[in-house]
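Visitor: Please take a close look at one aromatic pair in this model. I would like to know how its rings sit and what they join.

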Amino acid sequence: METLNFILIIILLLMVNGIRSRSKKVSENYRDDKLKVWLKYGEILGKLTALSEQVSKIGGQEISEETEEPPTPEIPVEAVPLGEAEKFETPDIGPIYGAPDEGVSAETPAEEGEQGQEPEPELEEVISHAYERESIEPSRFEVAAKEILGKIWNWIIVGEEHRAANVSFEYAVATNWLLRIGIMVLVVGIGFFLKYSFDHELIGPIGRVSLSILAGLTMMVAGVRILNGRYHLFGQGLIGGGLATLYFSVFAATNFYHLMPPLIAFGPMIVITLSAGVLAVRFDSLLIAILGIIGGYGTPIMLSTGVVNFPGLFGYMLLLGAGVLGIALRKNWHLLNYLSFVFTYGLFISTLIKFYDKSDFWVVMPFLAGFFILFSSIAFIHHLVNRIPSTLLDVLGLLVNASIFYGFSQGLISTRFSEDWVAVVTLGLAIFYCLHARLFLVKNLVDRNLLFTFVGLSAFFLTVTMPLILSDAWITVSWALQALALLWIAGKVRSEFLRTAAYLLYVLVLYRYAFLDLPGNFSGNPLSNYMTLLEYLPELVERLVIFIVPAGSFLGGALLMQKTQSAFSTTVSTANDISEWMQKQRAVKIGFMVAVAIAFIYLNLEAYRTFKFIYLPLQLPALTLIWVALCGLLLAIYKKTENEAIRNVFFFFCCLAAMKLLAFDLLRWDYTISHGYDGAYTIVGGFFRTLDFGMLIAFLGFSCFTLFGKPELRQERALLASLGIGLFFIYSTLEIDTILANFLPGLRTGGVSILWATFGITFLIIGIRKNLSALRYSGLVLFTVVAFKIFFVDLDQLEQLYRIIAFILLGILILAGSFVYLQYRQSFTNENDEEEVEENIEEKL
């Protein structure tokens, strides 16, 4: 059927589209196939158009089999430009059936549907499945690593990265492995000859070395002569074996027979290493390089005397690694790099285990650093020189190399010096990788994975350095400053990756601040209880720096991101960076909130401890001042931004501040119903209580005045006014109660009633004059409570003289309330009409 053919062609098109980036050849075939598909699609549309015209002419009659097929419209190649086909939207043409000339009647689809055949998939389903398949494909970064591993495996098994189709598996395996094993056995035999002749003194040292050199040169010459012939594989093996034999000879002459000093021996070793590299690269033979490397690294093992010469052995290994580095400049032979890496660190570790003593530190440590720099360069030098993207294996190589160097450096330094000196290594590593990242920026090199690795390793080792140099208390400070510096650099070089690294470091700062620094400094019994003031002040200054600097870092980071920084001349290209995952404005808001939050928490804890040590009466007012400052900051931000969320947070903290006074401060002031505030009443205590309550009450009044011009905030202003008046009522009641309990105990209950009546008359006057019904009702409620209190409480507790004074004063105040209402009688003539009442009061005023 044409429908099935069309869907199959579309599926083929999508499959080709999913793998078009694999190679240039596939891409060219893809374009040709896509053009054919759209040509075929145009042909189908032409047939359907002609069929529709014939049906309309017949007027409902059946279509005969003799109907002549309309000509297929010619669609030139230019009609469907490449690249535009993907933008083409398939029209809704309904089901596509076979053309009449193919002997398919119009009833065919219905008959097929009656036979229960499954409907064909819709085009949208095909496209969605194709995109799903493409979305789960691994990235180029992962695919390249997998391909490299496959090539290494193929070379190990059959001697080639890709086995030719006309070569059998048996032949490939047999020829390569027989050759490899034979060469290795021959080289080992020569090594045993050298050792045997030395042990039994069969031949003089010069003769032994000369014979082995002659054997190595003979193998190399023979191998070179047959390289271009039928036995080229055998020739590669002979060259590799000859190189290994020459390594044996020079190493034995130097460290075994002592025929030449190590410095002189480096000359022939350099020649051998250069020869191995040149021959391997010239004849494109990985086998030559690997056999030479195996022989080179196997030499110290074969000719071991049980006595170590660190400079000679490690210098020899460093020279072999330099040869691998030279080959890596031209050839991307990962197997060779990995073998050199394993052999070098394997010999290094085994030698340290057997022979190292801490007195050898200054001999061993420079070579360890040399091995690290060598293999760090080998991991990426080929990609850097030839502008080839790195793979996952290269990044893993850098990470493993850095881990080995850091681990062994820490062990070597710890056995000779204190642990603090490890910071020299970590700081050096941070600078080392930072210079690599700078090289990428200066040279405008494009390799995002390598750049991220260098920047990440530099940031990591710099972060590790701080705990080694500083005490635990200063780690958070150093990380906070480092995060701020990273943000500044990120803005200067336009790097989203660096900005993300700064975000992660800020997360570490926040974690240490909340879970380590705060509990460590403010939990348990503080030592300040046993200090003098002069001893306490340095501790206070240190805490201020430790806790305020992280808050300042968050604030500074938010300010940095809020403004546009001028960029350096060298910036990170888009190809070397990641996409923005968090909008700057959101990060700015988070930075501000975190800065305010951590500063607020610290200042509360610090004020509570410090003023308890310095001057206890000032402790609670200082805490209230911090809460008022936070509420003031929120009010200022709201006035500037008019953000609804900030407004809600502002009112929430105002309520929390009021709760703090009632639930925390009153307990700390030790108020009891029987005696008022604990202890004898003092002017100083009264002053600080007044300061404690007065700051918040005054701020609430100021906030009401500030928000007065906003009609939409009428309820919010009422809330603030209620909080302020309520706090003032409670404060004055408790304060008067305490004063009377200490100086006039006989008038105590009556004095409180007089105070409440005073509040009541004040509420009535202000409520009527300002047309505030809630305040008027509050005054009436107070008068009711006072009337109940004087007859059922005060009457029994007041002395006779004070009872007379209290009742007279209360009577005057209550009558004054009645007089106020009589004064504004006309304003309340229609109690059911609220609007009219308000108008009358306004006219009266």
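Guide: Here is the pair first, then other ring contacts and one helix. The model is predicted. It holds 47 aromatic pairs. One of them joins Tyr297 and Phe343. A pair of aromatic rings is described by the distance of the centres and the angle of the planes. For Tyr297 and Phe343, the centres are 5.5 Å apart and the planes meet at 35°. That angle falls between the limits of 30 and 60 degrees, so the pair counts as tilted.

Now the setting. Tyr297 belongs to helix α10, residues 286-302. Phe343 belongs to helix α12, residues 334-355. The pair therefore ties together parts that lie 46 residues apart in sequence. Burial splits the two partners. Tyr297 has 2% relative accessibility, so Tyr297 counts as buried. Phe343 has 28%, so Phe343 counts as partly exposed.

Other rings gather in a group. One aromatic cluster includes Phe372, Phe380, Tyr406, Tyr433 and Phe461. Charges also sit on ring faces. Arg282 lies over the face of Phe283, at 5.3 Å from the ring centre. Arg689 does likewise over Trp669, at 5.7 Å.

Last, a helix. Helix α19 covers residues 533-562, which makes 30 residues. At 1.5 Å a residue, α19 should span 44 Å. Its end C-alpha atoms are 42 Å apart, which agrees. Still, α19 bends by about 25° at Ile548. A proline, Pro550, follows within four residues of Ile548.

Technical notes
Residues are numbered from 1 along each chain as its sequence is written. This is a predicted model: local features need pLDDT of at least 70, side-chain atom pairs count only at pLDDT 80 or more; totals for chains, interfaces and linings use all residues. Side-chain values use heavy atoms; hydrogens and water are left out. Rings of Phe, Tyr and Trp (its six-membered ring) pair if their centres lie within 6.5 Å; planes under 30 degrees apart count as stacked, over 60 as edge-to-face and the rest as tilted. Helices (H or I, at least four residues) and strands (E, at least two) are DSSP runs, numbered from the N terminus. Buried means under 20% relative accessible area, exposed over 50%, partly exposed in between (1.4 Å probe, protein chains only). A charge sits over a ring if NZ of Lys or CZ of Arg is within 6 Å of the ring centre and within 35 degrees of the ring normal. The expected span of a helix is 1.5 Å times one less than its number of residues. The bend at a residue is the angle between axes fitted to the seven residues ending there and the seven starting there.
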